[in-house]
Structures are given as C-alpha cells and as structure tokens.
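Ready for some practice at reading a protein model? Work through the exercises below with the structure open beside you, and try each task before you peek at the solution.

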Amino acid sequence: MTNVNLANKFNDCLRYCDFSQTLALQEQYKDENVALLMENEIIGTHAKERAYFYSAPNERCKINNLFLITKDRFNLLQNRGEFSFVAYKRQNGEFIKLWIKSDRVR
C-alpha cells in the first residue's frame, strides 16, 4: 500500500468511524466482567471465511489484519443491526472488544 493510499484510508477512517461508541462499550464491558460472561455463553462464527474486526460499526472501519476464524469462540455483547459488538479472548489472555458483521454471528 502506498503512502497516498494509506493516508486516504486513514482519512476515511477519521471521517466515517466514530470511535466514541466503541470506547463507551469497551468501558462498559470491563475485562473481568467479560471473563465471567465468556464462562457461560459463547457464540462462534458460522461462516467458513474470516470474520474481520471493525474499529467502529461502519464498513469503512475494517481492520485488515485482525479477524476471527471459524473455530474461534467469542461472546456477543451487543447487536446493533448490521454490526455486533463482541469480546474475544486471545491465547495470551488479552481481550479484544470490537465490532464484527452481524451476519458472522450465529
């Protein structure tokens, strides 16, 4: 990706990706609370292809190098139409709390 393309993608992200909603939900769902939720109710992806994370609930906010695969387990925290806010626990214990497309949730 050239510097111009990267700059354009960054500008799109700033224009279309309102992080305030994501930050508010990340604050609401603290890691220790999510850990308790994940012990009880786990949902997986239903598609064979990757379920990409999004920094905000907008098509232009896709994070290209961060995604779930079919066998990954995650917890659905909130559904907001086309996008769902989910929590995924990495092998190192770190929680990722971001958006995926709702059609990836079963």
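Tyr54 and Phe83 are both buried. Keep in mind that this is a predicted model.

**Exercise 1.** Find out how the rings of Tyr54 and Phe83 are arranged, and which strands they tie together.

*Solution.* Start with what you need to look up: a pair of aromatic rings is described by the distance of the centres and the angle of the planes. Here the ring centres of Tyr54 and Phe83 are 5.0 Å apart. Next, the planes: they stand at 70°, and an angle over 60 degrees counts as edge-to-face, so that's what we call this pair. Finally, the strands: Tyr54 is in β2 and Phe83 is in β5, so the pair links parts that are 29 residues apart in sequence.

**Exercise 2.** Do the same for Phe85 and Trp99, then decide whether each is buried or exposed.

*Solution.* The ring centres of Phe85 and Trp99 lie 5.1 Å apart. Their planes meet at 65°, so this pair is edge-to-face. Phe85 belongs to strand β5 and Trp99 to strand β6, so the pair ties together parts that are 14 residues apart in sequence. Now for accessibility: buried means under 20%. Phe85 has a relative accessibility of 0%, so it's buried. Trp99 is buried with a relative accessible area of 0%. How many aromatic pairs does a search of the whole structure find? It finds three.

**Exercise 3.** Work out which elements build the largest nonpolar core.

*Solution.* First, list the members: there are 11 residues, including Phe53, Leu66, Val86, Tyr88 and Leu98. Then sort them by element: β2 (51-54), β3 (62-68), β5 (83-89) and β6 (95-101) each give two or more residues to this core. The largest share, three residues, comes from β6. Apart from this core lies another one, of seven residues, with Leu25, Tyr54, Phe83 and Ala87 among them. To see one core member at work, pick Phe53: leaving out residues up to four places away in sequence, its contacts include Leu66, Leu68, Val86, Tyr88 and Ile100.

**Exercise 4.** Place Gln78 in its strand, decide whether it's buried or exposed, and find a side-chain partner for it.

*Solution.* Gln78 sits in strand β4, which covers residues 73-80. Its relative accessible area is 17%, and the limit for buried is under 20%, so Gln78 counts as buried. As for the partner, the side chain of Gln78 makes a polar contact with the side chain of Arg80, at 2.6 Å.

**Exercise 5.** Find the ring that the charged end of Lys62 sits over.

*Solution.* Follow the Lys62 side chain to its charged end, and you'll see it over the ring of Tyr52, 4.1 Å from the ring's centre.

Methods
Residues are numbered from 1 along each chain as its sequence is written. This is a predicted model: local features need pLDDT of at least 70, side-chain atom pairs count only at pLDDT 80 or more; totals for chains, interfaces and linings use all residues. Side-chain values use heavy atoms; hydrogens and water are left out. A nonpolar core is a set of buried Ala, Val, Leu, Ile, Met, Phe, Trp, Tyr and Cys residues joined through side-chain atoms within 4.5 Å. Buried means under 20% relative accessible area, exposed over 50%, partly exposed in between (1.4 Å probe, protein chains only). Helices (H or I, at least four residues) and strands (E, at least two) are DSSP runs, numbered from the N terminus. Contact means heavy atoms within 4.5 Å. A polar contact is a pair of N or O atoms within 3.5 Å; within protein, one must be able to donate a hydrogen and the other to accept it, and residues adjacent in sequence count only if both atoms are side-chain atoms. Rings of Phe, Tyr and Trp (its six-membered ring) pair if their centres lie within 6.5 Å; planes under 30 degrees apart count as stacked, over 60 as edge-to-face and the rest as tilted. A charge sits over a ring if NZ of Lys or CZ of Arg is within 6 Å of the ring centre and within 35 degrees of the ring normal.
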